[in-house]
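Okay, thanks for making time, everyone. I'd like to walk through some strands and then some charged side chains, so let me put the model up.

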Amino acid sequence: MQRMGVYDVNVLSIDWDFFLKLSKRARMYLPDVTEHSTNSPELSNFLWGTWYATLKKMTRKSGTEVELNEDAISSVIKTVQKCCQDAEFFYIEDHGDIYDILAENEGCKFNIVNIDQHHDCYLTCMYDLNCGNWVRYLYDDGFISSYTWITNENYKDYEKDFPEWGTKITENPLEFIQGMFYDYVFLCKSPEYVPPEFDSRLNDLCKVFEHSCRKTTYTSKLCVRDIPVIEIPSIPSGYEG
């Protein structure tokens with residue numbers, strides 16, 4: 001393993017949504033995310049509360065048909081412990097926050113490895129920097145030397161707009177990330193894409209990263225969201241619309 005050129009900076013970006021293992025039904029009823037939901041706790045609570053209630057009603061039992069890929073989490077932890085000892089670790093809630101942090105490094109170009117359910121190069125909402133287009137913003141502004149998307153088995157649902165200047169790794173993806181040392185590590189919560197029941201596990205992961213990296217910056221406080229409870233009323237018998 002070796003560092004790249006003098007002005008090249010290696011970035012490992014990890015989105016918490018990569019580790020979600022959802023049943024087909026759970027994915028079908030995922031909340032209709034808007035770019036405002038991260039900054040609106042009330043809207044976020046309503047969206048996730050509706051999701052939990054819908055799944056419970058559809059399956060007629062408790063549970064959300066969703067779990068974390070603990071094997072993938074363990075693999076990433078090993079890479080961070082081995083390849084990120086000299087790195088600065090940032091915890092962020094919105095993936096778009098990476099742009100401002102990296103853009104402050106004048107004269108640098110970045111080799112970005114993004115472990116993510118989404119590739120974040122989307123052409124939608126390009127009038128405003130956000131969690132879905134921050135990579136494309138960095139590329140358009142001349143900050144990117146290379147971009148690699150590390151995705152999971154659901155990538156075909158999210159590969160629209162993936163650019164020709166990017167590389168997509170779908171076979172044994174987490175083996176790829178062990179091939180270089182990193183200068184920056186980002187862990188993104190993405191609360192609009194990950195249900196609140198996994199907040200505590202994310203916070204534990206942050207602490208592991210904090211002890212593995214040279215320096216840590218929390219751009220927002222760690223928290224554990226309550227699991228919202230919303231009751232969906234049943235349709236009265238005999239109702240015909």
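Before we start, one bit of vocabulary: I call two strands paired if DSSP finds at least two bridges between them. The elements are DSSP runs too, numbered from the N terminus: helices are H or I with at least four residues, strands are E with at least two. Now the small print. This is a predicted model, so local features need pLDDT of at least 70, side-chain atom pairs count only at pLDDT 80 or more, and totals for chains, interfaces and linings use all residues. Residues are numbered from 1 along each chain as its sequence is written, and side-chain values use heavy atoms, with hydrogens and water left out.

Right, let's begin with β5, residues 109–115. Strand β1, residues 8–15, pairs with β5 in the parallel sense, over seven bridges. If you want a spot to click on, Ser-13 stands opposite Asn-114 in β5. Then there's β6, residues 144–150, which runs parallel to β5 and is joined to β5 by six bridges. There, take Val-113: its bridge partner in β6 is Thr-148.

How enclosed is β5 by the rest of the structure? Largely, because six of its seven residues are buried. By buried I mean under 20% relative accessible area; exposed is over 50%, and partly exposed is in between, using a 1.4 Å probe and protein chains only.

Next up is β8, residues 184–188, where five of the five residues are buried. As a reminder, side chains in a regular strand alternate between the two faces of the sheet. For β8, both faces are covered: Tyr-184, Phe-186 and Cys-188 are buried on one side, Val-185 and Leu-187 on the other.

And who are the neighbours? β1 runs parallel to β8, with five bridges joining them. β4, residues 88–92, also pairs with β8 in the parallel sense, again over five bridges. Val-185 is a handy landmark here: Leu-12 stands opposite Val-185, and so does Phe-89.

Okay, on to the charges. Side chains of opposite charge can pair when their charged atoms come close. My cut-off for a salt bridge is a side-chain nitrogen of Lys or Arg within 4 Å of a carboxyl oxygen of Asp or Glu. How many salt bridges does the structure hold? Seven, and I'll show you some of them.

One is between Lys-215 and Glu-88, at 3.9 Å, N to O. That pair links distant parts of the chain, with Lys-215 in strand β9 (residues 215–218) and Glu-88 in β4, 127 residues apart. Are the two ends buried or exposed? Lys-215 counts as partly exposed because its relative accessibility is 43%, whereas Glu-88 is buried at 12%.

Now have a look at Asp-199, which is buried at 0% relative accessibility. Its side chain meets Lys-189 in a salt bridge at 3.6 Å, N to O. Asp-199 lies in helix α7 (residues 199–212) and Lys-189 in the loop between β8 and α7, so the pair ties together parts that are 10 residues apart in sequence. Lys-189 is buried too, with 1% relative accessible area.

Asp-199 also has a salt bridge to Arg-225, at 2.8 Å, N to O. Arg-225 sits in the segment after β9, 26 residues from Asp-199, and is buried at 16%. Put those together and you get one network of Lys-189, Asp-199 and Arg-225, joined by salt bridges that share partners.
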